[in-house]
Amino acid sequence: MLVLLACVGTVEPPPPPAEDAFPPSVLPEMQLLDLDGEALPMPTGGVLVSIWASWCPPCHEEFPHLQDLHDRGVPLVAVSVDVPTRRAEVEAAMEPYSFPVSHHHDAAALFHIQAIPSNVLYDAEGHVLWSAVEEFDPHDPALQAALETL
(Lines give C-alpha, C1' and ligand atoms only; values in the text may rest on other atoms or scores of the structure.)
Protein backbone atom coordinates (compact mmCIF):
# COMPACT_ATOMS: atom_id res chain seq x y z
CA MET A 1 0.00 0.00 0.00
CA LEU A 2 1.40 3.38 -1.02
CA VAL A 3 0.47 6.36 1.07
CA LEU A 4 1.21 9.88 -0.08
CA LEU A 5 1.19 12.77 2.32
CA ALA A 6 1.15 16.37 1.27
CA CYS A 7 1.82 19.48 3.27
CA VAL A 8 -0.33 22.47 2.59
CA GLY A 9 0.43 25.92 3.93
CA THR A 10 2.72 28.83 3.60
CA VAL A 11 6.45 28.82 3.95
CA GLU A 12 7.62 30.96 6.83
CA PRO A 13 10.73 33.08 6.26
CA PRO A 14 13.69 32.20 8.45
CA PRO A 15 13.87 34.10 11.72
CA PRO A 16 16.24 37.06 11.88
CA PRO A 17 19.69 36.31 13.29
CA ALA A 18 19.89 36.27 17.05
CA GLU A 19 21.27 39.36 18.73
CA ASP A 20 24.20 37.28 19.94
CA ALA A 21 24.94 35.48 16.66
CA PHE A 22 28.42 35.41 15.18
CA PRO A 23 29.42 37.56 13.51
CA PRO A 24 27.68 40.66 14.79
CA SER A 25 25.99 42.30 11.81
CA VAL A 26 27.70 45.59 12.65
CA LEU A 27 31.27 46.10 13.81
CA PRO A 28 31.14 46.42 17.62
CA GLU A 29 32.25 49.73 19.09
CA MET A 30 35.34 49.21 21.20
CA GLN A 31 38.55 50.92 22.16
CA LEU A 32 41.51 48.91 20.92
CA LEU A 33 44.93 49.23 22.44
CA ASP A 34 48.15 47.93 20.94
CA LEU A 35 50.49 45.73 22.97
CA ASP A 36 52.16 48.84 24.43
CA GLY A 37 48.82 50.16 25.70
CA GLU A 38 48.59 52.90 23.07
CA ALA A 39 45.32 53.60 21.23
CA LEU A 40 45.04 51.50 18.08
CA PRO A 41 42.67 53.22 15.66
CA MET A 42 40.35 50.95 13.71
CA PRO A 43 41.13 51.31 10.00
CA THR A 44 38.54 53.24 8.01
CA GLY A 45 37.26 51.98 4.68
CA GLY A 46 36.77 48.44 5.95
CA VAL A 47 38.77 46.06 8.11
CA LEU A 48 39.48 42.37 8.58
CA VAL A 49 39.21 41.53 12.28
CA SER A 50 40.92 38.31 13.33
CA ILE A 51 40.06 37.01 16.81
CA TRP A 52 42.69 34.66 18.22
CA ALA A 53 44.47 33.41 21.35
CA SER A 54 48.09 32.61 22.10
CA TRP A 55 47.25 29.04 23.18
CA CYS A 56 45.43 28.24 19.89
CA PRO A 57 47.58 26.34 17.32
CA PRO A 58 45.17 26.97 14.39
CA CYS A 59 45.38 30.69 15.21
CA HIS A 60 49.17 30.60 14.85
CA GLU A 61 48.77 28.82 11.50
CA GLU A 62 46.77 31.82 10.23
CA PHE A 63 49.39 34.43 11.07
CA PRO A 64 51.49 34.02 7.90
CA HIS A 65 48.30 34.40 5.82
CA LEU A 66 47.33 37.50 7.78
CA GLN A 67 50.82 38.91 7.26
CA ASP A 68 50.50 38.29 3.53
CA LEU A 69 47.16 40.12 3.43
CA HIS A 70 48.65 42.97 5.47
CA ASP A 71 51.61 43.17 3.10
CA ARG A 72 49.14 43.43 0.19
CA GLY A 73 47.50 46.43 1.86
CA VAL A 74 44.44 44.76 3.39
CA PRO A 75 43.44 46.73 6.49
CA LEU A 76 43.36 44.30 9.39
CA VAL A 77 43.72 43.99 13.12
CA ALA A 78 44.36 40.80 15.08
CA VAL A 79 42.62 40.85 18.46
CA SER A 80 43.86 38.47 21.13
CA VAL A 81 41.26 37.26 23.63
CA ASP A 82 43.92 36.04 26.06
CA VAL A 83 43.59 37.01 29.70
CA PRO A 84 45.79 39.99 30.62
CA THR A 85 48.26 37.78 32.51
CA ARG A 86 49.23 36.13 29.19
CA ARG A 87 50.63 39.32 27.69
CA ALA A 88 54.13 37.81 27.33
CA GLU A 89 52.71 34.89 25.32
CA VAL A 90 50.77 37.29 23.08
CA GLU A 91 53.90 39.39 22.47
CA ALA A 92 55.98 36.28 21.71
CA ALA A 93 53.40 35.00 19.22
CA MET A 94 53.37 38.34 17.39
CA GLU A 95 57.12 38.98 17.35
CA PRO A 96 57.69 37.87 13.72
CA TYR A 97 54.70 39.80 12.36
CA SER A 98 54.07 43.46 11.59
CA PHE A 99 50.26 43.64 11.35
CA PRO A 100 48.37 45.56 14.06
CA VAL A 101 47.62 43.57 17.21
CA SER A 102 45.37 44.32 20.15
CA HIS A 103 45.01 42.43 23.42
CA HIS A 104 41.30 42.73 24.29
CA HIS A 105 40.02 39.96 26.56
CA ASP A 106 36.39 41.11 26.17
CA ALA A 107 36.49 40.85 22.36
CA ALA A 108 35.13 37.30 22.58
CA ALA A 109 31.93 38.63 24.12
CA LEU A 110 31.77 41.69 21.84
CA PHE A 111 32.04 39.52 18.71
CA HIS A 112 29.93 36.63 20.09
CA ILE A 113 32.82 34.22 19.55
CA GLN A 114 31.96 30.54 19.82
CA ALA A 115 35.28 29.24 18.48
CA ILE A 116 38.66 30.60 17.51
CA PRO A 117 40.17 31.57 15.28
CA SER A 118 37.32 33.70 13.98
CA ASN A 119 37.66 36.25 11.20
CA VAL A 120 35.24 38.92 10.01
CA LEU A 121 35.65 41.37 7.14
CA TYR A 122 33.65 44.58 7.61
CA ASP A 123 32.99 47.25 5.00
CA ALA A 124 33.50 50.99 5.54
CA GLU A 125 30.08 51.29 7.20
CA GLY A 126 30.88 48.45 9.60
CA HIS A 127 28.67 45.81 7.95
CA VAL A 128 29.77 42.21 7.48
CA LEU A 129 31.14 41.33 4.05
CA TRP A 130 32.60 37.91 4.90
CA SER A 131 33.33 35.72 7.90
CA ALA A 132 35.03 32.43 8.74
CA VAL A 133 35.24 30.39 11.92
CA GLU A 134 38.09 28.00 12.69
CA GLU A 135 39.19 27.63 9.07
CA PHE A 136 40.77 30.55 7.25
CA ASP A 137 41.52 30.14 3.56
CA PRO A 138 43.17 33.29 2.21
CA HIS A 139 42.34 32.06 -1.31
CA ASP A 140 38.62 31.66 -0.59
CA PRO A 141 36.82 33.16 -3.63
CA ALA A 142 34.21 34.74 -1.35
CA LEU A 143 36.94 36.46 0.68
CA GLN A 144 38.74 37.62 -2.45
CA ALA A 145 35.49 39.03 -3.89
CA ALA A 146 34.75 40.82 -0.61
CA LEU A 147 38.26 42.29 -0.48
CA GLU A 148 37.75 43.72 -3.95
CA THR A 149 34.91 45.88 -2.58
CA LEU A 150 37.11 47.65 -0.03
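Select strand 1, residues 47–52, where strands are DSSP runs of E of at least two residues and helices are runs of H or I of at least four, both numbered from the N terminus. From this strand Val47, Val49 and Ile51 point one way, while Leu48, Ser50 and Trp52 point the other way, and all are buried; buried means under 20% relative accessible area, exposed over 50% and partly exposed in between, with a 1.4 Å probe and protein chains only. The strand is thus described as mostly covered, with six of its six residues buried.

The model is predicted: local features need pLDDT of at least 70, side-chain atom pairs count only at pLDDT 80 or more, and totals for chains, interfaces and linings use all residues. Residues are numbered from 1 along each chain as its sequence is written, and side-chain values use heavy atoms, with hydrogens and water left out.

Next, keep Ser50 selected and add strand 2, residues 76–80. Strands 1 and 2 run parallel and are joined by five bridges; two strands pair if DSSP finds at least two bridges between them. Here the bridge partner of Ser50 is Ala78. Adding helix 1 (residues 57–71) completes a right-handed β-α-β unit with strands 1 and 2: with the strands pointing away from the viewer, the path from the first strand over the helix to the second runs clockwise.

Then turn to strand 4, residues 118–122. Strand 4 runs antiparallel to strand 1, with five bridges between them, and Asn119 is the bridge partner of Ser50 there.

Finally, select Ser118, in strand 4. Ser118 is buried, at 1% relative accessible area. Its side chain reaches the backbone oxygen of Ala115 at 2.5 Å.

Notes: A polar contact is a pair of N or O atoms within 3.5 Å; within protein, one must be able to donate a hydrogen and the other to accept it, and residues adjacent in sequence count only if both atoms are side-chain atoms.
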